[in-house]
Amino acid sequence: MAFERIAVVGAGAWGTALANVIARAGRTVLLAARHRAAADVLAKTRESLRLPGVQIDKRIDIAPAGGELAGYEAILLAVPSQEMRTAAGAIAPTLRAGTPVIACAKGIERGTHRFMTEVIAAAAPAALPAILSGPSFAAEVAHGLPAAVTLAAGDETVAVALARALGSAALRPYHSTDVRGVEIGGAAKNVLAIAAGIVAGRGLGASAAAALVTRGFAELFRFGRAFGARPETLTGLSGLGDVILTCSSAQSRNYSYGIAVGRGDPAKAVLAEGVFTAPVLVEMAKEKGVDMPIATAVADILAGRASVDEAVEALLTRPFRAEG
């Protein structure tokens, strides 16, 4: 399980960044665009379509996602969470049994309430699903700045081998078998990042921001434990680490989207993963009896059921209770 030949499906910002960092680690890499037109442009210009000025490493092959994937030993799916099923289904005919397929999206599928590895398992039965998540911005990774992430697979031997294959001086993957914990941290923190952005956009101050992130992480932790996540995963890179990153920087699409909502003009922001995850997270929390007032407030604001001011007032007038 050396995983010397690795394909990245999805030629957006994160897919390009991952392809670059893996190629620099000495692996043979294919960057597979989901649309032929995008593949043609990338092959000609050798420049990222989503990260202006970022060159695609000359050692990377570029092609449309298709039959070329058959010769690769591991595949990363760097596509949005709500497109994971389509992407996994598209590569399914090329997969050999047991090929690791690594989800690089942070979300939960609408309607089915399935996590990304569950979506991969359903759409590509031959795959061995895994998940890569953690505090990392595509632009920084693409430029070779250091980052640490978590890579989880049900089989520890596979997780260790994949972490070694993807790792380098610039990207340090820690391996785990807590697949669900890694998935929950990545999905839930997106909703929390929108909430943090709303606080910033509304000008509610640093004290409110600190309280929001702390109490929001408590919600994430409760949700994770209800769905079987390990505490050390939730307080690790893919949980707390990602919360720290995305709740404090405008590089985060979710945080930036929240800022736009707080300012009353979400149309000016790029649509973020957390917009889709918020209502699903709330639905799943209710099924387990998990109290998530901040996530609920975000879902209500995004759905137009409450204004920002109404949601803030509702949170501040909740009954007094012990911290926990």
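How far apart are the end C-alpha atoms of helix 7, and what should its 24 residues span at 1.5 Å a residue? I shall come to that after a word on the model.

This is a predicted model, in which local features need pLDDT of at least 70 and side-chain atom pairs count only at pLDDT 80 or more, while totals for chains, interfaces and linings use all residues. Residues are numbered from 1 along each chain as its sequence is written, and side-chain values use heavy atoms, with hydrogens and water left out.

Let me begin with the sheet. Helices (H or I, at least four residues) and strands (E, at least two) are DSSP runs, numbered from the N terminus. Strands pair if DSSP finds at least two bridges between them. The sheet is open, has eight strands in the order 3-2-1-4-5-6-7-8, and shows mixed pairing. Its edges are strand 3 (61-64) and strand 8 (171-176), each of which pairs on one side only. Strand 2 (residues 28-33) runs parallel to strand 3, joined by four bridges; A33 stands opposite P64 there.

Now to helix 7, residues 179-202, which packs on the sheet and touches strand 6 and strand 7 (147-153). Contact here means heavy atoms within 4.5 Å. The expected span, 1.5 Å times one less than the number of residues, is 34 Å for helix 7; its end C-alpha atoms are 36 Å apart, which agrees. Of its 24 residues, 21 are buried (under 20% relative accessible area, 1.4 Å probe, protein chains only), so helix 7 is largely enclosed by the rest of the structure. G203 follows helix 7 and has a positive phi, near 70°.

Notes:
Axes are lines fitted to C-alpha atoms, for helices over the stretch in contact, and angles run from 0 to 180 degrees between N-to-C directions. Buried means under 20% relative accessible area, exposed over 50%, partly exposed in between (1.4 Å probe, protein chains only).
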